[in-house]
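Colleague: Could you take me through the labels given to this structure and show, step by step, what each of them rests on?

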Amino acid sequence: AREINEAYIKFITTGLPFVTVKFAASLDGKIATKIGDSEWISGNESREYVHCLRYTTDAVMVGANTVIADDPQLTCRCGDKGGKARKQPLRVIVDGRGRTPATARIFSEPGKVLLVLGEFVDTEKKEALAQVGAELLELPLEEGLVDLVELLKVLGEREVTSVLVEGGGILFGSLFDSRLVDKVIAFMAPIIIGGEEAKAAVVGKGVDKVIDAIKLEHVNAEKFGEDLMISGYVKE
């Protein structure tokens, strides 16, 4: 019963949205090669399921590096006979330094885009982003990164009850370091990417000892084509 109502329970008891981190990685934990290529690590079945996840969430969140590297649409193509769904989640870009290009595809797709900037981003840059339809939100920076605690508070005030975070490693790392993640959904593809410089799924500060690692409970595994989806809840 708690799993069925997980987002509502979190929101109604804390005023904060339920945060799910989703990523696709190789068996050696890479989300991109050493030159940044990530298309496609997961298979068709996994990607179709992700569209259904977007359909059931209030907001989809990514970092600026993901927008710059992948130029994603982050739209939902579930629930409307294969086309773009009429209901689109709010798309949130976390961009402390204002590096998101105004030409990004995300601004030309249906639905609203909230661009979260750090303080003191260039005025001309902000005006250019506002002109392509982005709603701008300025928040303080913590060690050069957007204050994610404050961001979740703002989203909660807007009655956003659930957030699906889809990349990248720096944003994932910041969320885990701040203990802001409620659930993890990981698609493991049966491939090995290798390379010391290949991008890891989660960056951030991490922990010094394995015993201090973030642990998941109520873990489930399910196959989507050749991929294995592992999901679980962050242990308190």
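Modeller: The model is a predicted one, and a good place to start is Arg47, whose charged end sits over the ring of Trp40, 4.3 Å from its centre.

Colleague: What makes the charged end of Arg47 count as sitting over the ring of Trp40?

Modeller: The label asks for CZ of Arg within 6 Å of the ring centre and within 35 degrees of the ring normal. The distance from the charged end of Arg47 to the ring centre of Trp40 is 4.3 Å, so the distance condition of 6 Å is met.

Colleague: Why is the pair of Tyr49 and Phe187 called edge-to-face?

Modeller: The structure holds 5 aromatic pairs. In the pair of Tyr49 and Phe187, the ring centres are 6.3 Å apart and the planes stand at 70°. Centres have to lie within 6.5 Å for a pair, and planes over 60 degrees apart count as edge-to-face, so both values lead to that name. Tyr49 belongs to helix α2 (residues 44-55) and Phe187 to strand β10 (residues 183-189), so the pair ties together parts that are 138 residues apart in sequence.

Colleague: Are Tyr49 and Phe187 buried or exposed, and how do you know?

Modeller: Buried means under 20% relative accessible area and exposed over 50%, with partly exposed in between. Tyr49 has 27% and is therefore partly exposed, whereas Phe187 has 2% and is therefore buried. Phe187 also pairs with Phe224, with ring centres 6.0 Å apart and planes at 70°, so this pair is edge-to-face as well. Phe224 lies in strand β12 (residues 216-224), so its pair with Phe187 in β10 ties together parts that are 37 residues apart in sequence. Phe187 and Phe224 are both buried, and Tyr49, Phe187 and Phe224 form one aromatic cluster.

Colleague: What makes Tyr8 exposed?

Modeller: Tyr8, which has its place in helix α1 (residues 6-14), has a relative accessible area of 53%. The cut-off for exposed is over 50%, so Tyr8 is called exposed. The C-alpha atoms of Tyr8 and Phe18, 10 residues apart along the chain, are separated by 8.0 Å.

Colleague: How do you know that strand β4 is largely enclosed by the rest of the structure?

Modeller: Strand β4 (residues 90-95) has 6 of its 6 residues buried, so the rest of the structure largely encloses it. Both faces are covered, with Leu90, Val92 and Val94 buried on one side and Arg91, Ile93 and Asp95 buried on the other. Strand β3 (residues 59-63) pairs with β4 in the parallel sense over 5 bridges, and Val62 stands opposite Ile93. Strand β5 (residues 113-118) runs parallel to β4 and is joined to it by 5 bridges, with Val116 as the bridge partner of Val94. At least two bridges are needed for strands to pair, so the 5 bridges between β3 and β4 satisfy that condition.

Colleague: Why does Gln88 count as buried, and what is it in contact with?

Modeller: Gln88, in the loop between α3 (64-70) and β4, has a relative accessibility of 16%, and because buried means under 20%, Gln88 counts as buried. Leaving aside neighbours within four places in sequence, Gln88 is in contact with Thr75, Cys76, Pro110 and Gly111. A polar atom of the Gln88 side chain lies 2.8 Å from the backbone nitrogen of Cys76, which is within the 3.5 Å allowed for a polar contact.

Colleague: Which residues have the most contacts inside the largest nonpolar core?

Modeller: The largest nonpolar core has 34 residues, and those with the most contacts inside it are Met61, Leu151, Leu155 and Val165. Helix α5 (residues 148-157) gives the most to this core, with 5 residues. Apart from it lies another core, of 14 residues, including Val62 and Ala134.

Colleague: What makes Ala134 buried?

Modeller: Ala134 has a relative accessible area of 9%, against a limit of under 20%, so Ala134 is buried. Its place is in the loop between α4 and β6 (135-139), and, not counting residues up to four places away in sequence, Ala134 touches Phe107, Val113, Leu115 and Leu129.

Notes. Residues are numbered from 1 along each chain as its sequence is written. This is a predicted model: local features need pLDDT of at least 70, side-chain atom pairs count only at pLDDT 80 or more; totals for chains, interfaces and linings use all residues. Side-chain values use heavy atoms; hydrogens and water are left out. A nonpolar core is a set of buried Ala, Val, Leu, Ile, Met, Phe, Trp, Tyr and Cys residues joined through side-chain atoms within 4.5 Å. Buried means under 20% relative accessible area, exposed over 50%, partly exposed in between (1.4 Å probe, protein chains only). Helices (H or I, at least four residues) and strands (E, at least two) are DSSP runs, numbered from the N terminus. Contact means heavy atoms within 4.5 Å. A polar contact is a pair of N or O atoms within 3.5 Å; within protein, one must be able to donate a hydrogen and the other to accept it, and residues adjacent in sequence count only if both atoms are side-chain atoms. Rings of Phe, Tyr and Trp (its six-membered ring) pair if their centres lie within 6.5 Å; planes under 30 degrees apart count as stacked, over 60 as edge-to-face and the rest as tilted.
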